[in-house]
Amino acid sequence: MDDTTKRFVQRLMKRIPAPMLRATLDKWDRLTREQKKSMDFTQSKWALTEKMLAFSEENELTAKHLTELEMIYDAHSVELIQFKEQFKSHLRELVRHVSIKIKKHTDEAVWIRIAWGDAFTRPNHLKPTYVVHYLHSPYVFVTSLTLKQKPLLSQALVLATRYQAIKDANLSGRKLTAIRDLLMRKYQQVFPTKYPSPLPENNQNPHIEKEQAEPAANRLQMACEAFGSGMLPQLQSAVYKLETKFRDHSNQTMSEREEPFRCVVKFESTNLLESLRHCASSGIASTPVTPLLSCIPQKGRNYFVITDNGPGPSARMRQPQN
């Protein structure tokens, strides 16, 4: 590698912020998988630059290849600038008095702080709305947003991101990384099957009797088939809103009620998905795991509305017979 190419690498590594370096190199695709894995992005910029110089020498990269990396970074920066300008412009057209601060964060996340006002009052900085948008993705995470502000924010985001609409994912939580990983599938996914895999033979502990080992292994397998065996997003709650008819042939008074029964069931834990998996594997909860619980990571939701609009038994009994 000549001195000109070496200085090009050093200058380029200095320009690219450390939080954006991993994503930029992934899109560049000039390094091997082993080389990418060997890069520790928690190291100093100097150490990463030295490793990049070694990889460039090893792969015989030229100034043309490095120009590709520079263009990828510049394109990302231009997209961020365009998003900032368009979002501010569109929201200020909808709201006369509004304060908007936008900052680039790690993981290609754009953090937006909005202090709302209206036609007559100044922005209230004591009750701001925080928005996190991941570039190159259709996902937006919002906190502290009123019903009056929601359509205004949605319209500005749709115009700035050039998507057609924004749809509520019915997902909420106190930990951004958990709901991000759940919605964007950044965890070990589970693919449900009707045919469970056979139980592995358990001969590691001779002191455990076979009658006790097989049910325990069976529960563990069912829990892993429902939630996986790896790390799960740390979700704190799941809410189920139930609306159903009362069905009992022996109690016509309750069965003939016009209004359905309504109730809300809420599960809470510091790590809900891990807790559900542990309950199933330890025998606290029955197995196989009900789809109402196992679908939380598969559907990327933690708020469900379960309705039953069909007629009850008494209504079917009153239908005329042919």
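Begin by selecting strand S5 together with strand S7 (residues 303-307), which run parallel and are joined by five bridges; helices (H or I, at least four residues) and strands (E, at least two) are DSSP runs numbered from the N terminus, and two strands pair if DSSP finds at least two bridges between them. What you have open is a predicted model, in which local features need pLDDT of at least 70 and side-chain atom pairs count only at pLDDT 80 or more, while totals for chains, interfaces and linings use all residues. Residues are numbered from 1 along each chain as its sequence is written, and side-chain values use heavy atoms, with hydrogens and water left out.

Along this parallel pair, pick out Glu243, whose bridge partner in S7 is Thr307, and then Leu242, which stands opposite Ile306 in S7.

Now add strand S6 (residues 261-268), which pairs with S5 (residues 237-244) in the antiparallel sense over eight bridges. On this side of S5, Val239 has Lys266 in S6 as its bridge partner. With S5, S6 and S7 displayed together, you have an open sheet of three strands in the order S6-S5-S7, with mixed pairing. S6 and S7 are the edge strands, each pairing on one side only. Neighbouring strands of this sheet are turned by 15° against each other on average, direction ignored, where the axes are lines fitted to C-alpha atoms (for helices over the stretch in contact) and angles run from 0 to 180 degrees between N-to-C directions. As background for viewing the backbone, strands of a sheet pair through backbone hydrogen bonds, either parallel or antiparallel.

The next stop is Gln236, in the loop between helix H8 (210-227) and S5. Is Gln236 buried or exposed? Its relative accessible area is 10%, so Gln236 counts as buried (buried means under 20% relative accessible area, exposed over 50% and partly exposed in between, with a 1.4 Å probe and protein chains only). The side chain of Gln236 reaches the backbone oxygen of Gln234 at 3.1 Å. Leaving aside neighbours within four places in sequence, Gln236 is in contact (heavy atoms within 4.5 Å) with several residues, including Gly173, Arg174, Lys175, Phe267 and Glu268.

Turn then to the aromatic side chains, among which the structure holds four aromatic pairs; rings of Phe, Tyr and Trp (its six-membered ring) pair if their centres lie within 6.5 Å, and planes under 30 degrees apart count as stacked, over 60 as edge-to-face and the rest as tilted. Select Tyr134 and Phe141, an edge-to-face pair with 6.0 Å centre to centre and 90° between the planes. Tyr134 is buried, with a relative accessible area of 5%, and Phe141 is buried as well, at 8%.

Tyr240 and Phe267 have ring centres 6.0 Å apart and planes at 90°, so this pair is edge-to-face. The pair links distant parts of the chain, with Tyr240 in strand S5 and Phe267 in strand S6, 27 residues apart. Tyr240 is buried, with a relative accessible area of 6%, whereas Phe267 is partly exposed, at 31%. Add Phe304 to the selection, and you have one aromatic cluster formed by Tyr240, Phe267 and Phe304.

Finally, display the whole protein chain, which has twelve helices and seven strands. Buried residues make up 34% of its 322 residues. Among the contacts in the protein chain with a separation of 6 or more, 64% are between residues 24 or more positions apart.

Definitions and conventions. Polar contact = N/O pair within 3.5 Å; in protein donor to acceptor, adjacent residues only side chain to side chain.
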